[in-house]
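Work through the three exercises below with the structure open. Each task is followed by a stepwise solution.

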Amino acid sequence: MEVDFPDRQTRNTARAYVSASDGTVTALIGGSPHIGARELSELLLPIARLLQSEYQVTAAEGAASAAALAAKQTSTLAASLDEARRRLSEQAKQLHNALSEAARLNSELTALTRDLEQRVESTLDERRFLAEIVENTDTWVMVLDLEFRCLAVNRAAASEFERVFGRRPQVGMSMLDVLAGRPEHESAVTALWNRALSGEAFGTTMPLGNPGCDQRYYEMKFSVLRDKSGRRIGAYQFAYDVTNRIEADKRLAEAQETLRQSQKMEAVGQLAGGIAHDFNNMLTVIIGGLGQVERGITSIPDENLRARLRRSCEMAQRASQRSAKLTARLLAFSRRQPLDPKPIDANRLISGLSDMLGRTIGEQVRLEVITAPGLWTAQADVNELENAILNLAVNARDAMPEGGRLTIETGNTYLDEDYVSAIAEPVAPGQYVMIAITDTGVGMDPGTLQHAFEPFFTTKPVGLGTGLGLSQVYGFIRQSNGHVRIYSELGQGSSVKLYLPRLATPVPPDRYVPDIVAGVGGDETVLVVEDHEDLRSYSVGVLKELGYHVLEASNGPEALDLLGRGVLVDLLFTDVVLPEGMDGRRLAEEALRLRPELKVLFTTGYSRNAIIHNGRLDPGVHLLPKPFTFDALAAKVRAVLDSHSVSL
């Protein structure tokens, strides 16, 4: 430290240093004026004390100052510390709030991240699922850009294109290259894609593949492909194999056409049956009248007149017989003819017909009969089946004007559900005996084949055919619960196949033997019930001529009234179709209640369900079909009167 000596004004300075560690004072003498050593020695002690006092003062001031400074600093530091603590508390609070918000945000972010991940995974799964479906579906899926480059194609489309066009399309390939080399499809397929790529959305159906070999039909739907901005960038196609549907539609159309044909034939059959009924009544009167005229001609004395009348009578009888055959065919077509089915061995029947068939078809046609071993027994009306085979043989002969081969073949067959379901008319699936009549003639085109079974339809010149041959065959087979089918092709011939149901409980087949014997009269009493006045008069006249006692009635109630009076009647001869709400069957039942021993003979020109069910006479029923002749009526009446059965 420095001390002013002797005063502050003179500023003679003597320097003294006090050790900080032990308080030792070191004096340095210098400055101006100089102090000699002697003066100095005398002054050393006061100086030292002064210096020590100064030191103590200075030290005290320094300590106080230091203490004040320290206090001030301490106070400042304390304030700063409080401020720092306050700020730290606020910052801690803010940090806590921030940490809490961060934790909340982190939780929300975690939840959002998890949800996003789930959505992304779900979207990816959905896209993978859809992609898997598109890839594995049988539907064609194909996408092209505006340059015909393939943008996407699934497995089905690639495989089918490879089958049809010989090249497998891949992403990036040009479809024009894939189609190259197949001119039969290239232009058509390219035209479709041009329409789609130009912005048109449409659908179409077309075949692909080789016709008659591996061709299949596809329904194609084209749509425009656009980007996010709506700009057209290509087109895509969905194609479905609809071959089975197309074929099913064709089969349905054929079945509908067959059904319409069947309904038309059914309507014609009903009309034909109604006409045949009335016509048979008239024919019976005509034939009966001609018979009486023929019997009366012998009493005419003029030989020339007798000859002219006999010729006229013969011509009228021939015309009547042809008319009777015509009505019989109409009844056969309408399935209203009375049938008497018997067990049939078709092999034996055809073998027995072969000689007559050979004479009928002539020497230009070679007849070949092929019989199947182990043939099942069928059931049908033998006479009608023989007529059907004869009709078909005659048709086959006419179809071979230059000669050829006629083959008649038998066999066992089974018509399954698939076959009969495609037929409009009801045919039961099961076992059938087949008789096929096949020729090598001119054949029929599809249009002719479609109308072949229609009555009065014929391809023969006028006067050479009535057009009832095939329709008669059709009606007879259908009435016998069978089925008939024609297969024909122009220039290749025709084959008509008759299917007769197999007899479930076979019995030894027997040939049909007519029960009409030579006409003989009698003296029994016959009740004739017929609403047609002329026909009733004819029947009554014939029976009286044969010696019978005859009663007559025009309807059922009138006949029952006669029986109720106690008049003895041996035979009831009644028409099936009668007026007044009582048919012949009901009349017979009421009559048998009154007279259990009464014999019954029915007649009809039109089969109804009264005595014929499913085309067959009820057991124990005696029937004389119209038109009938004098001899036929005489023989049938005598046969019924002599029979032992009176049941219906």
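Axes are lines fitted to C-alpha atoms, for helices over the stretch in contact, and angles run from 0 to 180 degrees between N-to-C directions. The model is predicted.

**Exercise 1.** Describe how helix H7 and helix H8 pack.

Solution.
- Step 1: Take H7 as residues 346-361 and H8 as residues 382-398.
- Step 2: Their axes lie 11 Å apart, at an angle of about 35 degrees.
- Step 3: Assign the hand: the H7 and H8 crossing is right-handed.
- Step 4: List the contact residues. H7 brings residues including Leu349, Ile350 and Leu353, and H8 brings residues including Leu385, Ile389 and Arg397.
- Step 5: Sort the residues of this contact: 12 are nonpolar, 1 is polar and 2 are charged.

**Exercise 2.** Find the largest nonpolar core and the element that gives the most to it.

Solution.
- Step 1: The largest core holds 39 residues.
- Step 2: Leu349, Leu385, Ile389, Leu406, Ile435 and Leu498 have the most contacts inside it.
- Step 3: Elements that each supply at least two residues include H7, strand E12 (404-415) and helix H11 (469-479).
- Step 4: H8 gives the most, with 7 residues.
- Step 5: Check Ile435. Beyond four places in sequence, its contacts include Ile350, Leu385, Ile389 and Leu498.

**Exercise 3.** Set out the strand order of the open sheet and place H7 on it.

Solution.
- Step 1: The 5 strands run E10-E12-E13-E15-E14, with mixed pairing.
- Step 2: E10 (365-370) and E14 are the edge strands.
- Step 3: From one strand to the next, the twist averages 20 degrees.
- Step 4: E14 and E15 pair antiparallel over 7 bridges.
- Step 5: H7 packs on the sheet and touches E10, E12 and E13. The direction of H7 makes about 175 degrees with that of E10.

Key:
Residues numbered from 1 in each chain as written. Predicted model: local features only at pLDDT ≥ 70, side-chain atom pairs only at ≥ 80, totals over all residues. Heavy atoms only, no water. Helix = DSSP H or I, 4+ residues; strand = E, 2+ residues; numbered from the N terminus. Left-handed = near helix turned anticlockwise from the far one by under 90°. Contact = heavy atoms within 4.5 Å. Nonpolar A, V, L, I, M, F, W, Y, C, P; charged D, E, K, R; others polar. Core = buried A, V, L, I, M, F, W, Y, C linked by side-chain atoms within 4.5 Å. Buried < 20%, exposed > 50% of the residue type's maximum accessible area, 1.4 Å probe, protein only. Pairing = 2+ DSSP bridges.
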